[in-house]
Amino acid sequence: MINFPELEEKILKFWQDKNIFKKTLEKKSVKGPFIFYEGPPTANGKPGIHHVLARAFKDLIPRYKTMQGYFVERKAGWDTHGLPVELEVEKKLKISGKPDIEKFGIEKFNSECKESVWRYQEEWEKLTERIAFWLDLEHPYITYHKDYIETLWWIFKKVHERGLLYQGHKVVPQCPRCGTALSSHEVAQGYKSITEPSVYIKFKVKSGQKIGNFTTNDNTYILSWTTTPWTLPGNVALAVGGDIEYVKVKRFISEWDSNKEAVYDEVILSKKIYNELKADPVSIKAKPFNFGFTKILNGFELPIDYSIEDLQTIEFKGSDLIGVEYEPLFPGAIPESVENYQNAFKVYEADFVTTEDGTGIVHTAVMYGEDDYQLGSQVGLPKHHTVDENGNFQATVKKWAGQFVKDKKVEQGIIEDLKNRNLLFTIEDYTHDYPFCWRCDTPLLYYAKNSWFIKMSALQKDLIKENQKINWIPEHIKEGRFGEWLAQVKDWAISRERYWGTPLPIWQCEQCEEIKVIGSYQELYEETQCPLIQKDDFDPHRPFIDEYKLKCQCGGQMSRVPEVADRWFDSGSMPFAQHHYPFENKEKIESKDYYPADFIAEAIDQTRGWFYTMLAIGVLVERGTSYKNVICLGHINDSEGRKMSKRIGNIIDPMEVINKWGADALRFHLYTVNQPGESKNFDIKNVESAVRKNFIILFNVLNFYQMYQGKSQFIEKQPKIKNVLDEWALAKLNQLTETITKNLDEYNIFSAGRSITDFIDELSTWYLRRSRDRFKGDDQKDKELAMQTLGYCLSILSKLMAPFTPFVAEELYQKLGGQLESAHLESWPKAEKYNENIIKEMDKVRKIVELALAKRDEAGVKVRQPLNQLIVTSEKLSEELVNLIKDEVNVKEVVFEKGETLAVKLDSKLTDELKEEGMYRELVRSINQLRKEENFNITNSARLFYYTDSNYIDKVIEKYKDDLLKNTISIKIKKQFRPDVKGKEITINGEKIWLGIKPWS
Ligand SMILES: [Zn+2]
Ligand SMILES: [Zn+2]
């Protein structure tokens, strides 16, 4: 078998030596540019099999378009900024968190980051080349380059000028470990289903307040619920729905206290929820409530005659609860000195309250929830942090000061504490999706922070409108995953309180808080007059940039805000930044030919990452969507459908696969295993089968062609047609060209790829099989036509396969003697007109053959045994087609009968003559088998010997002598046992014969 990896290495070298990629770019592009944007990977992690997936798809379309006559620029790019890089460096330096980094020094830290970015560059480049992803790796865009950053500044300024940049005090998902907020598309990547305790808390209402027609007393409580006990010290309000109905329930806790009086409390909750619990007192949901429904309450037995009806209830509206005061759960956690303290610990109305879960009364901690914060801003609640940015309780939360809020022990402690103070109603396990930091796996905290935002919510209409212009593959992403994301688009938290990133070009006055956004280095120079800015080695990164101070109109000093940009801002800006727009290439970027991209491709997780930020930036700079067609690839799992992870140890190293079966096999497998958007369960066995089902068969056909052709001949022009098989093969070939072209124009790589497999199979198992005799035959003219047809099919195939399997196509092209230097310099073939009818008729022929062979099988008659007649219920077929059936089914005659449905009958009676012919055919097969075993090829004529006691065999050999010699490429056959000759004894139809073979010369 061909060693494909070796073959590919040879071709790689050929491409490199001859600069083939460059030559394809230099080719005259009659159709102008086709725009492809490369989504930048981060080179600080090893490339994995999922990267091969994306790169295989990214490579195919540009190759196809280049062959079609377009010029396809393919600038490589590297995503270099951001938290992943910082985390790697922290690991390497064995430091953790912001205080450590600042102690180490930002300058040194960032220079470590810059270096670390290139850790796996070589591996990336090697893999990229090895899988034949033709990409301009010599002139990549690099997101940390100062030119790249300058474009980002220009975009920031544009955003500011449009009034879309603002500083908010907003609740953002904060990673307490990384000490930074995550953007919503980052959060979307890290959800996990977890089970954790949720608590029902009793908020003690101050006594003597009127609610509806009752007055509160020392035992009145409002029930509320939370899944995040750590937010309870930060509670400043309770929220109810004004129109929601509530109920106060009087519960007996025990029969007698020490004063021999019944002990009870009164709890307030939503009437709907209370009734649900009452209707189904044994439900799992109701059980933990212990209203007495289960006759057991907190371990106390209830009076025997106690029943649900004994629970005394009073009903009222949410509006009656508004303004009711309660005692803080953790007195002192919110100091009295905090602004607006007087508004805290009261019931407020809010429209986000529902009766879907919890108690219909919402615990509100303004600093730790988006709804909470909005309510707090509306009604003027104190905004005070009980937790610091690293997720530790502040000093005001005395019991757990300095401890991490999501620590299991701390959570337990809070629950215990409430229980001891009779403020815990109940506790239950609650399973829900909770976001974790996608990088470090720490649970995120919703946390109110100062942050910079881009007001994407104001652009929602434009985003949705632009999305309509995008052709999504698969289609459902448009209105599904992506459309839904846009339907609830949030403002983009653009700032990161980190170090290694594009510094926000925002300067803020220390006195009047006025801001100035700088849009270029020239502008910064004009503001500061610092000559360093104009030097080539000007570094806009932290900490250097932080040194530049501007003057405010008020006379105060302006300093740069400390934050850097979300790295998705970097990658989303690549259409502009990769060409340093608008400082350079202004004409290019502003031309319709460059923007938007015709094609991009990445994995499906980028819908909320790169795909989104690319669209967002395009809309922000008022250029509309930055891409027209996008292939959104499914994830790759292991063969059992499990996510690949270091922990399970099921990560596939792409180089291992490539070294075993070659890059083309891997590419072709990925194109054809299923639709690109579906997730793929990767099994190396399927890569092997891609080799066997495609390349091996293809090269066998090629070998056959070369063996009979004797010389290489690349056939450019469709040959003349005389034979029905040729007509069919050429129709099939033209149909294939048409199918691939149409599908690739629609970015349907899967269907295009599958049609190649089908064609190779039919070329081999039907055309070649049925034409074998023509190739061997004496009719030189017919042989020449068959050769031409086969050669032409292979020649066109080498071009059609070039975008899919660039190595195999090149090898095929070279072996055939293609006229250009490389298959990849060829033009894309155009389908000629073809006879569609012949395809239908041949399908029918093949169906008839299939049915007839099944009948033979049923009757137990070998195919080599000729039979007299096949009766087919069908319209008549042409004589040429009938001859194909006769040959394939091995019958003397095919008779057509009228009828509705296609059916066959086989006459399996054997006459003496048919038996003799069967014997003759068995002999031919045995002799050719012997030829093969003795390594005779088609140019080696043989001298045959045989010996048998069977008169029958003697008779058959005598009768068929001429045909037998011809069909076994032999000159003579003699009845003589020759011990000096290679041979063997066999039994045919019960008759013994010894066969011997010797080269003629
Ligand atoms: Zn983190
Ligand atoms: Zn000022």
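A residue counts as exposed when its relative accessible area is over 50% and as buried when that area is under 20%, with partly exposed in between. In this predicted model, Lys781 reaches 69% relative accessibility, so it lands on the exposed side of that cut-off. Lys781 sits in helix 27, which covers residues 780-800, and it joins Lys717, Lys720 and Lys722 in a positive surface patch.

There is a patch of negative charge too, made up of Asp243, Glu349, Asp351, Glu370 and Asp371. Asp243 belongs to the loop that runs between strand 9 (237-240) and strand 10 (245-254). With a relative accessible area of 67%, Asp243 is also exposed.

Next come the strands. Strand 3 (residues 165-175) lines up with strand 18 (residues 445-454) in the antiparallel sense, and 10 bridges hold the pairing. Within it, Lys170 faces Lys449 of strand 18. Strand 3 also runs antiparallel to strand 4 (residues 180-181), this time over 2 bridges, and here Cys175 is placed opposite Thr180. Strands 3 and 4 make a hairpin with 4 residues between them, where Gly179 adopts a positive phi near 65 degrees.

Now for the charged pairs. Side chains of opposite charge can pair when their charged atoms come close. The model contains 65 salt bridges. One of them joins Asp441 to Lys192, with the closest N and O atoms 3.0 Å apart. Asp441 lies in the loop between strand 17 (424-435) and strand 18, while Lys192 is in strand 5 (residues 191-204), so this pair links distant parts of the chain, 249 residues apart. Asp441 is partly exposed at 43% relative accessibility, and Lys192 is partly exposed as well, at 32%.

Lys449, the strand 18 residue that stands opposite Lys170, has a salt bridge with Glu497, whose closest N and O atoms are 2.3 Å apart. Glu497 is in the loop between strand 21 (495-496) and strand 22 (506-509), so the pair ties together parts that are 48 residues apart in sequence. Lys449 is buried, since its relative accessible area is just 2%.

Arg864 and Glu922 form another salt bridge, at 3.1 Å from N to O. This pair connects the loop between helix 29 (836-859) and strand 31 (867-873), home of Arg864, with helix 31 (residues 912-933), where Glu922 lies 58 residues away. Arg864 counts as partly exposed at 28%, whereas Glu922 is buried at 7%. Finally, Glu38, Arg55, Lys58 and Glu602 are linked in a network of salt bridges.

Note on methods. Residues are numbered from 1 along each chain as its sequence is written. Chains are lettered from A and ligands numbered from 1 in the order in which they are written. This is a predicted model: local features need pLDDT of at least 70, side-chain atom pairs count only at pLDDT 80 or more; totals for chains, interfaces and linings use all residues. Side-chain values use heavy atoms; hydrogens and water are left out. Patches are made of residues with over 30% relative accessible area and no salt bridge: like charges are joined within 9 Å, nonpolar side chains (Val, Leu, Ile, Met, Phe, Trp, Tyr) within 5 Å. Accessible areas come from the Shrake-Rupley method with a 1.4 Å probe; for residues, only the protein chains shown count as cover. A salt bridge is a side-chain nitrogen of Lys or Arg within 4 Å of a carboxyl oxygen of Asp or Glu. Lys and Arg count as positive and Asp and Glu as negative; His and the chain ends are not counted. The place of a charge is taken as NZ of Lys, CZ of Arg, CG of Asp or CD of Glu. Buried means under 20% relative accessible area, exposed over 50%, partly exposed in between (1.4 Å probe, protein chains only). Two strands pair if DSSP finds at least two bridges between them.
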